[in-house]
Amino acid sequence: MNKRKREDEKLLKQNRPKVLERDYYSCVLCGGHYGLAIHHIVFRSQLGKSTMDNLACLCLQCHNEAHGVNAKEIRKILQERIKQYEED
């Protein structure tokens with residue numbers, strides 16, 4: 001594992017509980033609670049980091065959709081919603 005990935009894993013571990021709390025332990029897109037996952041809005045493979053503004057709580061179905069054919073549109077929605085949370 002390279003240095004960037006190790007540091008990002010550490011950051012993700014620190015931010016995971018904060019993201020769950022910020023997102024009220026529910027999916028940011030649909031409000032569901034089943035199979036919650038912490039999603040990277042800008043994927044790690046695209047050099048996205050595990051910062052609070054790049055993480056969102058998604059249910060299993062929405063997480064699958066966020067990696068599907070509508071990924072770009074969902075990314076825009078998530079970025080707007082996370083920005084609203086940070087402003088509140």
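Helices here are DSSP runs of H or I with at least four residues, numbered from the N terminus. The model you are looking at is predicted, so let's work through it together.

**Exercise 1. Follow helix α1 from its start to the residue after it.**

*Solution.*
- Begin at the start of α1, where a side-chain oxygen of Asn2 comes to within 3.3 Å of the backbone nitrogen of Arg4.
- Next, take the span: α1 covers residues 3-22, and its 20 residues reach 28 Å from first C-alpha to last, close to the 28 Å expected at 1.5 Å a residue.
- Now look for a bend. At Asn15, α1 bends by about 40°, and Pro17 follows within four residues.
- Finally, step past the helix: Tyr24 follows α1 and has a positive phi, near 60°.

**Exercise 2. Find which residues of α1 are buried, and what they pack against.**

*Solution.*
- Apply the cut-off: buried means under 20% relative accessible area.
- Asp8, Leu12, Asn15, Val19, Leu20 and Arg22 are the buried residues of α1.
- Their packing partners are β1 (37-40), β2 (55-58) and α3 (71-87).

**Exercise 3. Map the largest nonpolar core, then look for another.**

*Solution.*
- The largest nonpolar core has 11 residues, including Cys27, Val28, Ile41, Ala66 and Ile82.
- Sort them by element: β2, α2 (60-66) and α3 each supply at least two residues of this core, and α3 gives the largest share, 3 residues.
- Zoom in on Cys62, one of the core residues. Leaving aside neighbours within four places in sequence, Cys62 contacts Cys27, Leu29 and Cys30.
- Apart from this core lies another, of 6 residues, among them Val19, Leu20, Ile38 and Cys57.

Note on methods. Residues numbered from 1 in each chain as written. Predicted model: local features only at pLDDT ≥ 70, side-chain atom pairs only at ≥ 80, totals over all residues. Heavy atoms only, no water. Expected span 1.5 Å × (residues − 1). Bend = angle between axes of the 7 residues up to and from the residue. Buried < 20%, exposed > 50% of the residue type's maximum accessible area, 1.4 Å probe, protein only. Contact = heavy atoms within 4.5 Å. Polar contact = N/O pair within 3.5 Å; in protein donor to acceptor, adjacent residues only side chain to side chain. Core = buried A, V, L, I, M, F, W, Y, C linked by side-chain atoms within 4.5 Å.
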